[in-house]
Structures are given as C-alpha cells and as structure tokens.
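Here are a few short exercises to work through with the model open beside you. Try each task before reading its solution.

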Amino acid sequence: MKNSPVFKEKKFHPEQPWFVLNTSHYFWQTQATLPDISHFYSFKTSKEAILTLAIPDGCVDILFDCHPQFPTARICGTTLEARNAYLSEERLYFGIRFTAGVIPDFLDAYADDIPDNEFNFLDAAPQGKTIFSRIIEAKDFTSKITLFQQYFSRYLTRKNSAVTQSVIKGIHAAEGNIRIDQLATMTGYSCRTIQRQFKHDIGLSPKIFSRIIRCQSALSRIHDAGMCSYGDISYDLGFSDQSHFLREFKRFSSTTPTHYLNHITAQHYGRRLVEPQH
C-alpha cells in the first residue's frame, strides 16, 4: 500500500471555446456538490448549421440536442487534437462535462474506446431513457441540471485505482507540466505501473493526458490575463521553448495564440459566458 501524496488542489474547468464563440449566450454552471462534474452548460445555435471545432480537454461530455420532435443525446470522449464538430441549426443544446479523467459509471463502454469517439447516449446508457425524455422536456437550464443531478446521484463514477487517482491529482497540480518519472517519484509507484494502470482506467496515457491539461492551462492563462506572452506561458508551463509551445497550441486549437487572442477579443468572448444567479 502506497502513501498518497498531498497535492495542492487546483480548480480546473476545461474549456471548449469555439462552441462559446458560435453562440451569443453560453450558459454554464459549476456544481460543488458533485465534484466529478466540471460544469453544466447550455446554448442555442443560429438559423444555420454550424461547423465548429472541438479541442482536447481530457473530459467525457454528454450533449443533449433538445429538439422537440427529434431529440438526441451523445456521449463525447475527449478529442486528441482539434477536429471539426457539427451542430444543427436553431437547436437548444444542454451538456454535462465531467471532470478531466472521470468516466461515468453508467456508461457501457471500455475506457480505451472512449477517447476521440462518440456514442449514442441511449445505446451507451440504456437505463437513461427516462431521464433523457425528462431533460428534453424541461423548460429551462436550471431544471435540466436538477434532473440530471437527481439521476446522477444514483450512479457513482467509475472508481479509479489509487495509482490513477494520485497521478491525476499530480498532473492537475502541475498544470500538465510534469514527466512520468516525476510522477513516479511523487506517488511512489513505478513508471510502468503508472502507465499501465492509468491507460486501463481512463483510456489515455499519462503523457497524452498531461499534454492536454498543459494546453488547457495555456488557454486558461490567455483568457484570464487578456494578453499573450509566448515567453511567459512557455516558461511557466515548462515547454522546451517558444516554438514548442506554438506547435502544441496550434495542434491543440487549430490556430496560433496571437490569432486566438485577437479573435476572442474581437468576438467579446467573456460577454458570451453567462453564469446564472442562484
């Protein structure tokens, strides 16, 4: 039995910025009582079908298309690089984003099959048929959240091994800037044990998961600071140099940091985010 290391907790809410930029109001709400859920979100698309980008976030999402006649819901695993995602026109969407590294226990799929993949919600979670209908019919964002909470509280998330739990905490604490040998030293487990157990539990290698968290951390810094200093970000997050940071960011988000910052500034990214008042 290994002693679990103590890590400084970091509040981390993985982002999908291109979805935010494709709607005028993107509602989102965190939920402290359910730590395995990063946040809930909802948005409505315009009168034209939307081609947007999904970026790596290390998360599993459930996304409901709340069309009154033809509703659907899908389970979305994290992408491994920026890729196209299609949204239907004039649709209300409601989503649940699980915390990075968490897989809901009601999902009937192996961890290896989830990353970079999508499933029909009712195929992957057939016991969710009743909650699916009720969420679609609910009239507002808060009601949909309440319904999902009532359902989710009956089903625990998959219990990761002690190895994986320690590694996830270490990666978050380091904002993804950590090597496998450092994780081995911090947790007391061997590199081989960490790699094997982590991949078994969440379907990703520790290296890939760390890269995702590091790029999400870079994105968060750009949002929080309202400025983009390649030198500061690449140094703080442990990239080997600015060129390395630029390559990783472009693979991750399909654009450069400068273009991204200019775009979110011009499109008033922050004004589109709406956190309902309790």
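**Exercise 1. Find out whether Glu90 is buried, partly exposed or exposed, then look at its backbone.**

Solution. Keep in mind that you're looking at a predicted model.
- Start with the relative accessibility of Glu90, which is 47%. Buried would need under 20% and exposed over 50%, so Glu90 counts as partly exposed.
- Next, place the residue: Glu90 lies in the loop between β6 (83–87) and β7 (92–98).
- Now the backbone. Most residues other than glycine have a negative phi. Glu90, however, has a positive phi, near 50°.

**Exercise 2. Do the same for Asp116: locate it, then give its phi and its exposure.**

Solution.
- Asp116 is in the loop between β7 and β8 (118–120).
- Its phi is positive, about 60°, even though Asp116 is not a glycine.
- With 35% relative accessibility, Asp116 counts as partly exposed.

**Exercise 3. Work out how helices α8 and α10 are oriented to each other, and which residues make the contact.**

Solution.
- Two packed helices are described by the angle and the distance between their axes.
- For α8 (residues 206–225) and α10 (residues 242–253), the axes come within 10 Å and cross at roughly 95°.
- Angles of 65 to 115 degrees count as roughly perpendicular, so that's the word for α8 and α10.
- On the α8 side, the contact is made by Arg211, Ile212, Arg214, Cys215, Gln216, Ala218, Leu219 and Ile222. From α10 come His244, Phe245, Glu248, Phe249, Arg251 and Phe252.
- Sort these by class and you get 8 nonpolar, 2 polar and 4 charged residues.

**Exercise 4. Pick out Glu248: is it buried or exposed, and what does it touch?**

Solution.
- Glu248 sits in helix α10.
- Its relative accessible area is 11%; the cut-off for buried is under 20%, so Glu248 is buried.
- Setting aside neighbours within four places in sequence, Glu248 is in contact with Arg211, Cys215 and Phe239.

**Exercise 5. Zoom out: how does the radius of gyration of the protein chain sit with the globule rule?**

Solution.
- Count the elements to begin with: the chain has 12 helices and 9 strands.
- The radius of gyration is 19 Å, close to the 19 Å that the globule rule gives for 278 residues, so the chain is as compact as a globular protein of that length.
- Along its principal axes, the C-alpha trace spans about 55 × 45 × 35 Å.
- Buried residues make up 50% of the 278.
- Finally, take contacts between residues at least 6 apart in sequence: 74% of them join residues at least 24 apart.

Key:
Residues numbered from 1 in each chain as written. Predicted model: local features only at pLDDT ≥ 70, side-chain atom pairs only at ≥ 80, totals over all residues. Heavy atoms only, no water. Axes fitted to C-alpha atoms, helices over the stretch in contact; angles between N-to-C directions. Helix = DSSP H or I, 4+ residues; strand = E, 2+ residues; numbered from the N terminus. Parallel < 35°, antiparallel > 145°, perpendicular 65-115°, else oblique. Contact = heavy atoms within 4.5 Å. Nonpolar A, V, L, I, M, F, W, Y, C, P; charged D, E, K, R; others polar. Rg over C-alpha atoms; globule rule 2.2 N^0.38 Å. Buried < 20%, exposed > 50% of the residue type's maximum accessible area, 1.4 Å probe, protein only.
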